[in-house]
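Work through the exercises below with the model open in a viewer. Each task is followed by a solution in steps.

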2 protein chains.
Amino acid sequence: MSRQIHKSLAAHEPPYAVAFAALGDETRLALVQRLSAGRPVSISELTAGARITRQAVTKHLRVLERAGIVRSQRWGRETRFALDRRPLHDLQVYLERVGRQWDETLGRLKVFVEE
Amino acid sequence: MSRQIHKSLAAHEPPYAVAFAALGDETRLALVQRLSAGRPVSISELTAGARITRQAVTKHLRVLERAGIVRSQRWGRETRFALDRRPLHDLQVYLERVGRQWDETLGRLKVFVEE
DNA sequence: CTAATATGCAACCTGGAGGTTGCGTATCAT
DNA sequence: ATGATACGCAACCTCCAGGTTGCATATTAG
């Protein structure tokens with residue numbers, strides 16, 4: 001899309017695309033679900049029962065971390081990950097805004113038609 | 001992610017991951033923005049001013065369409081795309097739910113601690 | 001102290017995402 | 001009728017996401 005649009009949108013806004021992309025994977029969505037309970041969970045525990053390797057799980061967690069959705073903290077020999085709700089809330093607000101913009105524009109359009 | 005968790009979550013729910021993934025690209029997010037005005041827009045118009053080829057734009061639009069976020073309709077020689085707000089709203093609700101689950105679980109935890 | 005546990009790091013593999021070009025075909029404008 | 005416009009289809013290219021394996025290292029358990 002035009003460079004102008006892109007720039008104007010991404011200028012000082014959070015990197016929505018990155019966050020959405022982080023959620024755009026079944027495995028990572030499942031991880032988010034699992035962490036949504038609030039309790040920090042270690043990599044091993046998150047890997048337990050999974051069909052993929054611990055390394056793969058780790059990579060997914062790092063993706064979520066770079067997107068700001070999750071934070072990690074070492075606890076002895078294990079690394080525990082916890083959810084951060086703020087970026088998720090930001091996405092929610094973003095989606096609301098898109099819907100609202102639709103309403104407003106369509107509202108104006110309706111007024112125009114009715115005149 | 002254990003198979004059980006995955007299945008129980010994805011069983012009859014919308015394919016959230018697919019929708020999130022569709023939004024997880026700057027170009028496609030820009031397209032969504034542009035369509036959020038409500039007016040159906042043709043591929044050519046969406047391509048105008050973009051730095052990528054019409055074909056690339058088309059591919060992105062198809063991705064959005066498969067995710068249900070956008071719908072296409074032929075209008076003479078052009079194909080116009082329009083936004084569908086429902087899937088976006090579903091995502092919004094999904095994100096709300098994650099946040100709410102956090103609150104509830106943490107609430108329970110707090111009660112437990114205080115007893 | 002020693003074995004088991006929990007991770008990190010790095011190399012490596014493979015498929016598909018994102019992009020391009022070329023060409024064929026409706027449809028619209030003149 | 002004819003040229004310009006708006007697409008679709010298909011082949012092709014490149015790079016990186018998602019996954020694995022192997023090995024080294026720090027912690028904890030007994």
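The exercises cover the surfaces near the two DNA strands, the strand pairing, the helix packing and one loop residue.

The model is predicted: local features need pLDDT of at least 70, side-chain atom pairs count only at pLDDT 80 or more, and totals for chains, interfaces and linings use all residues. Residues are numbered from 1 along each chain as its sequence is written, while chains are lettered from A and ligands numbered from 1 in the order in which they are written.

**Exercise 1.** Describe the surface near DNA strand D.

Solution. Take a residue as near a strand if its C-beta atom, placed from the backbone, lies within 6 Å of it. With this cut-off 19 residues surround DNA strand D, and the closest are Thr53(A), Gly76(A), Arg77(A), Ser44(B) and Glu78(B). Next, assign them to elements, where helices (H or I, at least four residues) and strands (E, at least two) are DSSP runs numbered from the N terminus. The elements giving two or more residues are α5 (54-66) of chain A and, from chain B, α4 (43-47), α5 (54-66) and β3 (78-83). The most come from α5(A), with 5 residues. Finally, sort by class: Ala, Val, Leu, Ile, Met, Phe, Trp, Tyr, Cys and Pro count as nonpolar, Asp, Glu, Lys and Arg as charged, and the others, Gly among them, as polar. The surface near DNA strand D then has 4 nonpolar, 10 polar and 5 charged residues.

**Exercise 2.** Repeat the analysis for DNA strand C.

Solution. Of the 20 residues around DNA strand C, the nearest are Ser42(A), Ser44(A), Glu78(A), Thr53(B) and Gly76(B). At least two residues each come from α4 (43-47), α5 and β3 (78-83) of chain A and from α5 of chain B. Here α5(B) gives the most, with 5 residues. The class count is 4 nonpolar, 10 polar and 6 charged residues.

**Exercise 3.** In what order do the strands of the open sheet in chain B lie, and which helices pack on the sheet?

Solution. Two strands pair if DSSP finds at least two bridges between them. The open sheet has 3 strands in the order β1-β3-β2, paired antiparallel. Because β1 (41-42) and β2 (70-75) of chain B are at the edges with a single partner strand each, one side of each lacks a neighbour in the sheet. β1(B) and β3(B) are joined by 2 bridges, and Val41(B) stands opposite Phe81(B). For packing, a contact requires C-beta atoms, placed from the backbone, within 7 Å. Helix α3 (residues 26-35) of chain B touches β1, β2 and β3 of chain B, and its direction makes about 85 degrees with that of β3(B). α5(B) touches β2 and β3 of chain B, at about 120 degrees to β2(B). Axes are lines fitted to C-alpha atoms, for helices over the stretch in contact, with angles from 0 to 180 degrees between N-to-C directions.

**Exercise 4.** Is Gly38(B) buried or exposed?

Solution. Gly38(B) is in the loop between α3 and β1 of chain B. A residue is buried if 20 or more other C-beta atoms, placed from the backbone, lie within 10 Å of its own, exposed if 12 or fewer, and partly exposed in between. Gly38(B) has 17 other C-beta atoms within 10 Å, so Gly38(B) is partly exposed. Gly38(B) and Leu83(B) are 45 residues apart in sequence, and their C-alpha atoms are 6.6 Å apart.

Key: Two residues are in contact if their C-beta atoms, placed from the backbone, lie within 7 Å.
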